[in-house]
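Reader: I'd like to learn how to read a model like this one. Can you walk me through it?

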Amino acid sequence: MDTDPFTPGFGLTPRVLAMQGTPVEDFAAALAGRRSVGERSVLITGARGVGKTVLLSQLQDVAANAGWQVVVLHTSSTSMVDELRGAVVDLLRAHDPQATSRTLTRAEAGAVGARAGIELDVTDRYQGEKVPLGRLLERLAELLTAQGTGLLVALDEVQAADRDQLHEIAQHMQDLTGRGLSVSFVAAGIRSGVDDLLAHPRTTFLRRAHKVEVGGVDVGTAAEVIRQTVADTAKSITPEAAVRAGEISQGYPYLIQMIGSQAWQRSGDAETIELEDVEGAAAPTIDAMIHNVHGPALRDLSGRKAEYLHAMLEDDGPSQVAEIAERMGIDGANQNVHRSRLIHDELIRPAGRGLVEFAMPYLREALERRRETGSLRLAQGPARVARPVPRTQR
């Protein structure tokens, strides 16, 4: 029997993507020169768990498959600038024909018929040389452009990057782009953090980047993603089970993979994933969403913002902002302040004139658990319990 084909971990690329096509195809066309070079710089934004890192990885794969050199930077590194410098020097050693030079230091004539002794001093052009990063990037970009390829620099969690270092790197990429060299800068980050980043006066280059907003899909598409993922294995899934799994996922990419994985595990060695497997997988799937996605978002939630969200729990659907203000005992102006902050934090969203609703699946359940238990730890109880296999399938 095949192993679980679903990938509910963050940053893992699913077998069947909930969002594919246009952003990837447009980027490939930009690298090939069939679209504006401005579209070689891409800024991916979206909420937690919607597939930003997956799309970022896809763009890196597109570049690598086109022969481009890919450098991935990390916001957790001591210095992104030094990390980039080190990667560029390594690439120059591999691609610059002048990276090393040989100097004759001694030649001795041997006896008749004997080979002369020759000593060469080999010098590494980039060993310890304090060439400015801009010049190193320029040399590498010139070499790669002449070869018909280019350089891609990628950065995930861009909202966490040091502003000054990000500005320096982005400025270099902008200069190289302006000179007509083949370079690309792609980054991904949480929407609210990226909005704050773009408000910084030294992020002009990022403001000009091609924006790609990643979000959820409709339930029908989610069900089809789950069906196709299972179809690539020896198992199958009934139409009813696929539809129900899509409903539980609410089209949220992380949940699509999680409900699929949980249902797969519960089906055990059976040849078909049934509706009962999906129904049994619902609770652990929601539990994982609450713990892994909502937990970090709600960890530091307190004060009026927490009170606002708790006031919304009194409604089964969208909440009237006027009623929220009344429940909290505040006026309309203060209500608007807290509303705007929660929208910025991607915890709520407008739902019509004078209405707001929770912005992400199962946030209501997360808040109820937090209010009742004071914790968002995983609920106790069995998960991924395989159902018994009928004797006819043994």
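Author: Happy to. Let's begin with a pair of strands: strand 1 (residues 41-46) and strand 6 (residues 183-190) run parallel and are joined by 6 bridges. One such link ties Ser41 to its bridge partner Phe185 in strand 6. Keep in mind that this is a predicted model.

Reader: Which order do the strands of that open sheet of 5 strands have?

Author: Read the sheet from one edge to the other: the order is 2-5-6-1-7, and the pairing is parallel. Strand 2 (69-73) and strand 7 (210-214) are the edge strands, each pairing on one side only. On average, and ignoring direction, neighbouring strands of this sheet are turned by 15 degrees against each other. There is also a helix to look at: helix 3 (residues 80-95) packs on the sheet, where it touches strand 2 and strand 5 (151-155). The direction of helix 3 makes about 160 degrees with that of strand 2.

Reader: And how is the open sheet of 3 strands paired, parallel or antiparallel?

Author: That one has antiparallel pairing, with the order 10-12-11. Strand 10 (319-320) and strand 11 (348-350) stand at the edges with a single partner strand each, so one side of each has no neighbour in the sheet. Between strand 10 and strand 12 (residues 355-358), which run antiparallel, there are 2 bridges. Gln320, for instance, has Leu355 in strand 12 as its bridge partner. Helix 12 packs on this sheet and touches strand 10, strand 11 and strand 12. Its direction makes about 95 degrees with that of strand 12.

Reader: What angle do helix 12 and helix 14 pack at?

Author: To read a helix pair, look at the angle and the axis distance together. Helix 12 (residues 303-312) and helix 14 (residues 332-344) pack at about 90 degrees, and their axes are 10 Å apart. The two are therefore roughly perpendicular to each other. On the helix 12 side, the contact involves Arg304, Lys305, Tyr308 and Leu309. These meet Gln335, His338, Arg339, Arg341 and Leu342 of helix 14. Sorted by class, the contact has 3 nonpolar, 2 polar and 4 charged residues.

Reader: Why would residues three or four places apart in a helix point the same way?

Author: An α-helix has 3.6 residues a turn, so residues with that spacing point the same way. With that idea in hand, try another pair. The axes of helix 4 (residues 133-146) and helix 5 (residues 163-178) come within 10 Å and cross at roughly 40 degrees. That makes helix 4 and helix 5 oblique to each other, and helix 4 passes helix 5 in a right-handed crossing. From helix 4, Leu133, Gly134, Leu137, Glu138 and Ala141 meet Glu168, His172 and Leu176 in helix 5. By class, the residues of this contact divide into 4 nonpolar, 2 polar and 2 charged.

Reader: Let's talk about burial. Is Thr285 buried or exposed?

Author: A residue counts as buried when its relative accessible area is under 20%. Thr285 is at 0%, so it is buried. You'll find Thr285 in helix 11 (residues 275-298). Leaving out residues up to four places away in sequence, Thr285 touches Leu255, Met258, Ile259 and Gln262.

Reader: Which residues are buried in helix 6, and what covers them?

Author: In helix 6 (residues 191-198), Ser192, Gly193, Val194, Leu197 and Leu198 are buried. Their cover includes strand 1, helix 5, strand 6, helix 7 (204-208), strand 7 and helix 14.

Reader: What about backbone angles: which sign of phi does Glu346 have?

Author: First the general idea: most residues other than glycine have a negative phi. Glu346 is not a glycine, yet its phi is positive, about 60 degrees. Glu346 lies in the loop between helix 14 and strand 11, and it is buried, with a relative accessible area of 6%. Tyr362 has a positive phi too, about 65 degrees, although it is not a glycine. Look for Tyr362 in the loop between strand 12 and helix 15 (363-373). Tyr362 is buried as well, with a relative accessible area of 10%.

Reader: Last one: how many helices and strands does the chain have?

Author: The chain has 15 helices and 12 strands. Of its 394 residues, 46% are buried.

Terms used:
Residues are numbered from 1 along each chain as its sequence is written. This is a predicted model: local features need pLDDT of at least 70, side-chain atom pairs count only at pLDDT 80 or more; totals for chains, interfaces and linings use all residues. Side-chain values use heavy atoms; hydrogens and water are left out. Axes are lines fitted to C-alpha atoms, for helices over the stretch in contact, and angles run from 0 to 180 degrees between N-to-C directions. Helices (H or I, at least four residues) and strands (E, at least two) are DSSP runs, numbered from the N terminus. Angles under 35 degrees count as roughly parallel, over 145 as roughly antiparallel, 65 to 115 as roughly perpendicular and the rest as oblique. Contact means heavy atoms within 4.5 Å. Ala, Val, Leu, Ile, Met, Phe, Trp, Tyr, Cys and Pro count as nonpolar, Asp, Glu, Lys and Arg as charged, and the others, Gly among them, as polar. A crossing is left-handed if the near helix is turned anticlockwise from the far one by less than a right angle, and right-handed if clockwise. Two strands pair if DSSP finds at least two bridges between them. Buried means under 20% relative accessible area, exposed over 50%, partly exposed in between (1.4 Å probe, protein chains only).
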